[in-house]
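Subject: Structure handover

Hello,

Here is the structure I promised to pass on. Please open it next to this note. My findings follow below.

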Amino acid sequence: MARAPHARLFVAVDPPPAVREELAAWARASGGALTRDRATGNAPPLRLLDSEALHVTLCFLGSRPVGEIDAIAAALRSCATPAGELCLGAPLWLPPRRPRALAVEVRDRDGQLARLHGALRAALSRTIGWEAERQRFRAHVTVARVRGGRRVRGRDAGPGAQPLPATPQLSFMAESAVLYRSWLSRAGATYEPLAECPLLAPAG
């Protein structure tokens with residue numbers, strides 16, 4: 001029996017374009033800081049992400065049947081509430097022990113983004129039986145990945161790591177949550193928006 005078509009899906013909040021551009025510029029500067037005055041081959045081979053690809057992931061669903069997409073979009077709409085003001089924080093190597101990506105933390109001052117994440121997890125569990133990994137939600141924006149599946153080691157991350165430039169001191173309002181489909185290729189992933197749910201109350 002043929003397997004039903006599947007899609008790689010996730011739900012995310014997109015920072016405004018100006019914030020994404022600032023993050024992309026910071027990533028470029030960080031890549032230069034890691035390679036400056038280093039012996040060839042010692043610095044992590046980072047692949048910088050385009051500004052359009054920068055987002056705050058709420059739930060990564062992985063490979064799901066295409067037939068579930070409408071139900072997932074409905075679950076998203078059912079629990080969307082304002083996410084409050086978000087602020088960019090410190091740089092992060094993720095995962096912490098053997099990193100494969102460079103990110104910037106996103107501070108959720110009022111806890112509203114965490115509550116939205118929790119509501120979405122519950123709605124998806126009821127709707128499609130999806131269960132998230134058992135780990136703490138850590139809001140962040142990934143800005144670069146380590147090429148070739150390699151992991152960052154030694155002085156590149158952790159205590160005594162090569163210092164990175166200061167992250168942009170910016171805050172923003174999360175205007176909408178988006179259901180994305182991720183398409184993988186040798187050049188990296190591209191993201192197709194499938195459904196968008198406003199998070200801000202209409203003006204006026």
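Helices (H or I, at least four residues) and strands (E, at least two) are DSSP runs, numbered from the N terminus. On that basis the chain has three helices and nine strands. Please keep in mind that this is a predicted model.

**Overall layout**

In sequence order, the pattern is β-α-β-β-α-β-β-α-β-β-β-β. The chain has 204 residues, and 44% of them count as buried. Contacts reach far along the sequence. Of those between residues at least 6 apart, 78% join residues at least 24 apart.

**Helix packing**

Start with H2 and H3. H2 covers residues 69-79, and H3 covers 112-128. Their axes lie 9 Å apart, at an angle of about 140°. Angles over 145 degrees would count as roughly antiparallel, so this pair is classed as oblique. The crossing of H2 over H3 is right-handed. From H2, the contact uses Ala71, Ile72, Ala75, Leu76, Ser78 and Cys79. H3 contributes Leu116, Ala119, Leu120, Ala123, Leu124, Thr127 and Ile128. By type, that contact has 11 nonpolar residues, two polar and no charged.

**Valine 11**

Two residues of that helix contact turn up again here. Valine 11 sits in strand E1, residues 6-13. Is valine 11 buried or exposed? With a relative accessible area of 1%, valine 11 is buried, because the cut-off for buried is under 20%. Beyond its neighbours within four places in sequence, valine 11 contacts Leu76 and Leu120. Both of these also take part in the contact between H2 and H3. The other partners of valine 11 are Val56, Thr57, Leu58, Cys59, Ala177, Val178 and Leu179. Valine 11 and leucine 120 are 109 residues apart along the chain, with 9.1 Å between their C-alpha atoms.

**Salt bridges**

How many salt bridges does the structure hold? There are three.

- Arginine 64 pairs with glutamate 68, at 2.9 Å from N to O. Arginine 64 is buried at 14% relative accessible area. Glutamate 68 is buried too, at 17%.
- Glutamate 85 pairs with arginine 109, at 3.4 Å from N to O. This pair links distant parts of the chain, 24 residues apart. Glutamate 85 belongs to strand E4, residues 85-94. Arginine 109 lies in the loop between strand E5 (101-108) and helix H3. Glutamate 85 is partly exposed at 32%, whereas arginine 109 is exposed at 61%.
- Arginine 107 pairs with glutamate 105, at 3.4 Å from N to O. Arginine 107 is partly exposed, with a relative accessible area of 44%. Glutamate 105 is also partly exposed, at 21%.

**Two further arginines**

Arginine 181 is in strand E8, residues 176-183. Its relative accessibility is 19%, so arginine 181 counts as buried. Where does arginine 181 stand relative to arginine 8? The two are 173 residues apart in sequence, yet 5.6 Å apart in space, C-alpha to C-alpha. Residues up to four places away in sequence aside, arginine 181 touches His6, Ala7, Arg8 and Leu9. On another stretch of the chain, arginine 181 also touches Thr190, Tyr191, Glu192 and Leu194.

Arginine 145 is in strand E6, residues 140-146. At 33% relative accessible area, arginine 145 is partly exposed. Which residues does arginine 145 contact, leaving aside neighbours within four places in sequence? They are Pro45, Leu46, Arg47, Arg100 and Ala101. Arginine 145 and alanine 101 are 44 residues apart in sequence. Their C-alpha atoms are 4.3 Å apart in space.

**A cis peptide**

One last point to check on screen. The peptide bond between leucine 94 and proline 95 is cis, with omega about -15°. Proline 95 is in the loop between E4 and E5.

Best wishes

Definitions and conventions
Residues are numbered from 1 along each chain as its sequence is written. This is a predicted model: local features need pLDDT of at least 70, side-chain atom pairs count only at pLDDT 80 or more; totals for chains, interfaces and linings use all residues. Side-chain values use heavy atoms; hydrogens and water are left out. A salt bridge is a side-chain nitrogen of Lys or Arg within 4 Å of a carboxyl oxygen of Asp or Glu. Buried means under 20% relative accessible area, exposed over 50%, partly exposed in between (1.4 Å probe, protein chains only). Axes are lines fitted to C-alpha atoms, for helices over the stretch in contact, and angles run from 0 to 180 degrees between N-to-C directions. Angles under 35 degrees count as roughly parallel, over 145 as roughly antiparallel, 65 to 115 as roughly perpendicular and the rest as oblique. A crossing is left-handed if the near helix is turned anticlockwise from the far one by less than a right angle, and right-handed if clockwise. Contact means heavy atoms within 4.5 Å. Ala, Val, Leu, Ile, Met, Phe, Trp, Tyr, Cys and Pro count as nonpolar, Asp, Glu, Lys and Arg as charged, and the others, Gly among them, as polar.
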